[in-house]
Amino acid sequence: MGETFYHNRYDFSTLNDHIATLQKRFSFVSVHIIGQSVLGLPIYELRIGNGEKEVHWNGSFHANEWITTPLLMKIVEEYLQALEGNSEIESVRALELYYSTSLSVVPMVNPDGVNLVHHGAPHHSYYRERVKEMNEGHINFLPWKANIRGVDLNNQFPAHWEVEKRRKPESPTFRDYPGKRPLSEPESLAMYKLVQDRNFTRVLCFHSQGEVIYWGYQHLEPSRAKNVVEAFRSVSQYIPVQTVDSHAGFKDWFIFETGEEGYTVEIGKGINPLPFSTFQHHVARVKKLAVQSLLL
């Protein structure tokens, strides 16, 4: 059904059409808008399940890591198909997951940035010129990580943000600038409010580079996280890394704020964007991990 959606131009329009198709076919999924991007595109959340345990996945915080969006959508689609057919996903009965877990998925946190990587500077006259300046005059936007205002959305959260502010770029640019203040961008603010409004006990943030899983923050993570990340490693072969010298990311803040489990799952190795020819390889590994995140 959905194979036409999986291609190397998976932009916001593709996501929009893909979600509409899933919503039309499957009664098991509900679609919500949790905010808007700088350019007014909706930030979608998909919800599946009615269990007590609340789990959240997200993708495309970084524009050039857009492959994480079709990756999550592929797993969501297979989960919905298994529910429809009362069958299994990764040898686990889908209805068991549905009744034990409430899953939240924000597949594209940064739709303006993803579109920029795919299509180049937007038609909006102000941002058309600004992104060219921030991209150091280059017309190739493939390395772009930030949102359309040149702010790194995964450097925006109030978990020792001031540390990142001191050592990162001082003005908007294509990557790493943490903004003038925490949560200055509508996309990061939407994700912040989503957490505040819900009761997630586990979040998985999907990025692309390194085949590792970052799972701690200043040793504030719950003790059970060690066993969970080991289960993730056993099915995906991604290497667990407890702590690194990094702050202000969504996963960092989630652990800092709630004391619950947060994981940044880095798929693939090479140069971002990862080649789409590797897509099925990533699906096979990440789907096992994703199902474990609902089962454990």
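## Size and overall build

A compact globule of 296 residues would have a radius of gyration near 19 Å, and the protein chain comes out at 18 Å, so the two agree. Keep in mind as you read that this is a predicted model. Along the principal axes, the C-alpha trace spans about 50 × 45 × 35 Å.

The protein chain contains 10 helices and 10 strands. Of its contacts between residues at least 6 apart in sequence, 77% join residues at least 24 apart.

## Surface, burial and charge

Burial applies to 57% of the 296 residues. The accessible surface amounts to about 12,100 Å², with 48% of that belonging to carbon and sulfur atoms.

If you are thinking about electrostatics, the charge count is 30 positive and 34 negative side chains. The centres of these two sets lie 1 Å apart.

## The annotated domain

UniProt, in an unreviewed entry, places the feature "domain: Peptidase M14" at residues 6–289. Over that stretch the chain is 38% helix and 18% strand. The C-alpha atoms at the two ends of the stretch are 20 Å apart.

## Glu266 in strand 10

The unreviewed UniProt entry also lists Glu266 under "active site". In the model, Glu266 lies in strand 10, a strand that covers residues 261–267. Its relative accessibility is 13%, and because the cut-off for buried is under 20%, Glu266 counts as buried.

Which residues surround Glu266, once neighbours within four places in sequence are left aside? Its contacts include a run of residues made up of His207, Ser208, Gln209, Gly210, Glu211 and Val212. Tyr214 and Tyr238 are also in contact with Glu266.

## The loop after strand 10

Strand 10 is followed by a loop that leads to helix 10 (279–295), and Leu274 is found in this loop. Leu274 counts as buried because its relative accessibility is 4%. Leaving aside neighbours within four places in sequence, Leu274 is in contact with Ile67, Ser208, Gln209, Ile267, Gly268, Lys269 and His282. Ser208 and Gln209 appear here, and they are also among the contacts of Glu266. Leu274 and Glu65 are 209 residues apart in sequence, yet their C-alpha atoms are 7.4 Å apart in space.

Pro273 has its place in this loop between strand 10 and helix 10 too. The peptide bond leading into Pro273 from Asn272 is cis, with omega near -5°.

## Backbone angles to look at

Most residues other than glycine have a negative phi, and most peptide bonds are trans. Against that background, here are two residues to check in your viewer.

Ser91 is not a glycine, but it has a positive phi of about 65°. Ser91 sits in the loop between strand 4 (88–89) and strand 5 (92–93). With a relative accessibility of 66%, Ser91 counts as exposed.

His219 also has a positive phi, near 60°. Where is His219 placed? His219 belongs to the loop between strand 8 (212–214) and helix 8 (224–236). Is His219 buried or exposed? At a relative accessible area of 58%, His219 is exposed.

Notes: Residues numbered from 1 in each chain as written. Predicted model: local features only at pLDDT ≥ 70, side-chain atom pairs only at ≥ 80, totals over all residues. Heavy atoms only, no water. Helix = DSSP H or I, 4+ residues; strand = E, 2+ residues; numbered from the N terminus. Rg over C-alpha atoms; globule rule 2.2 N^0.38 Å. Buried < 20%, exposed > 50% of the residue type's maximum accessible area, 1.4 Å probe, protein only. Contact = heavy atoms within 4.5 Å. Areas by Shrake-Rupley, 256 points an atom, 1.4 Å probe, with all protein chains shown as cover. Lys, Arg positive; Asp, Glu negative; His and termini not counted. Charge placed at Lys NZ, Arg CZ, Asp CG, Glu CD. UniProt positions renumbered as here; feature names shortened; annotations may be inferred.
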